[in-house]
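Could you walk me through this model in my viewer, one selection at a time? I would like to know what to pick next and what I will find there.

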Amino acid sequence: MRVPNSVVLPVGTHVDCCQEEEVEKKRHDIMAKITAMLVERKSNLAHFINNLEGSEEPEFYVDQWERLKEMESCTLTLLNLVAVNCTDHHDIKKLEATILEHVKNEELFPEVIRVLPPVYRQVEAAIIDIAQSEEMADHGMMDLQYLLSKLSQREHLANLDRELLQDILRYLHCIGLVVWYEEIKHLESTVFLQPTFLITMFRLLVRYQLVQQLESIS
């Protein structure tokens with residue numbers, strides 16, 4: 001909701017836990033709730049903006065007003081929910097095909113046809129090579145400066161500087177090849193070359209019925 005021109009594809013899992021006739025009902029219910037949430041958000045933002053504009057000294061609230069106006073201008077495209085049985089490989093492939101179909105839609109993603117400089121592909125290939133090397137730890141975490149030094153050792157990347165690498169990492173983060181939390185101070189110098197490690201870790205920490213499982217421990 002805070003990212004300009006966002007595109008959101010809701011995915012409903014655990015279809016295998018539902019009766020067949022329940023799936024469409026739940027799909028409709030979820031989409032209705034999301035739509036209602038977006039309408040309420042828009043209404044709340046308009047209300048807050050009106051309050052600031054109608055205050056006795058609006059000049060004191062210029063920063064807040066600008067932030068609210070910026071949030072109000074963030075459009076969000078909501079796609080139809082995809083219901084998935086995660087235990088069925090066919091459903092996973094169906095989800096993959098749906099995502100790819102949307103990503104290639106130039107109306108949703110006008111920049112999909114952007115041509116990247118050759119150095120982007122060179123760095124991408126080099127990072128894949130590093131991530132798959134025997135010296136890479138299973139967790140796939142690497143210091144940003146150390147990654148730059150490793151890449152700079154390659155002949156065609158000898159002139160790679162930190163600023164350009166950061167631009168490329170933002171792109172690679174967007175396409176899911178790496179994970180780089182540059183906006184988090186304690187993680188801005190760490191690049192995750194193996195995103196699947198994070199998925200495994202989150203699965204251990206955030207899981208279905210975790211509270212019940214913890215409460216069952218004496």
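Start by colouring the two domains of this predicted model: select 6-104 for domain 1 and 118-201 for domain 2. Place a centre on the C-alpha atoms of each domain, and the two centres are 31 Å apart.

**The whole chain**

Now switch to a cartoon of everything. You will be looking at eight helices and six strands, and if you trace them along the sequence the order reads β-β-α-α-β-β-α-α-β-α-α-β-α-α. The radius of gyration is 22 Å, well over the 17 Å that the globule rule gives for 218 residues, so the chain is more spread out than a compact globule. Turn the view along the principal axes, and the C-alpha atoms fill a box of roughly 60 × 55 × 50 Å.

Two overall figures are handy to keep in mind here. Of the 218 residues, 25% count as buried. Among contacts between residues at least 6 apart in sequence, 59% join residues at least 24 apart.

**Helix α4**

Next, select residues 118-131, which form helix α4. This helix has 14 residues, and the distance from its first C-alpha to its last is 20 Å, close to the 20 Å expected at 1.5 Å a residue. Show the side chains of Val119, Tyr120, Val123, Glu124, Ala126, Ile127, Ile130 and Ala131: these are the buried residues of α4. They lie on the same side of the helix because they cover an arc of only 165 degrees around its axis. Rotate to the other side of α4 and you will find Pro118 and Arg121 exposed.

What do the buried residues of α4 pack against? Add β5 (141-143), α5 (144-152) and α6 (162-174) to your selection, since these are their packing partners.

**The nonpolar cores**

Keep those helices on screen and highlight Val123, Ile127, Leu147, Leu151, Leu169 and Leu193. They are the residues with the most contacts inside the largest nonpolar core, which has 24 residues. Helices α4, α5 and α6 each supply at least two residues of this core, and the largest share, seven residues, comes from α4. As background, nonpolar side chains in soluble globular proteins tend to be buried together.

For a close-up, centre on leucine 151. Leaving aside its neighbours within four places in sequence, leucine 151 is in contact with Val123, Ala126, Ile127, Ile130, Leu157, Leu160 and Leu165. There is also a second, separate core of five residues, and you can find it by selecting Val15, Val23, Leu81 and Ala83, which are among its members.

**Two single residues to finish**

Jump to aspartate 63, in helix α2 (residues 62-73). Is aspartate 63 buried or exposed? Its relative accessibility is 53%, so aspartate 63 counts as exposed, the cut-off being over 50%. Draw a C-alpha to C-alpha distance from aspartate 63 to leucine 38: the two are 24 Å apart in space and 25 residues apart in sequence.

The last stop is histidine 14, in the loop between β2 (11-12) and α1 (20-53). With a relative accessible area of 40%, histidine 14 is partly exposed. Check its backbone too: phi of histidine 14 is near 60 degrees, a positive value in a residue other than glycine. For context, most residues other than glycine have a negative phi.

Conventions:
Residues numbered from 1 in each chain as written. Predicted model: local features only at pLDDT ≥ 70, side-chain atom pairs only at ≥ 80, totals over all residues. Heavy atoms only, no water. Domains from an automatic or database assignment. Helix = DSSP H or I, 4+ residues; strand = E, 2+ residues; numbered from the N terminus. Expected span 1.5 Å × (residues − 1). Buried < 20%, exposed > 50% of the residue type's maximum accessible area, 1.4 Å probe, protein only. Arc of directions from axis to C-beta. Contact = heavy atoms within 4.5 Å. Core = buried A, V, L, I, M, F, W, Y, C linked by side-chain atoms within 4.5 Å. Rg over C-alpha atoms; globule rule 2.2 N^0.38 Å.
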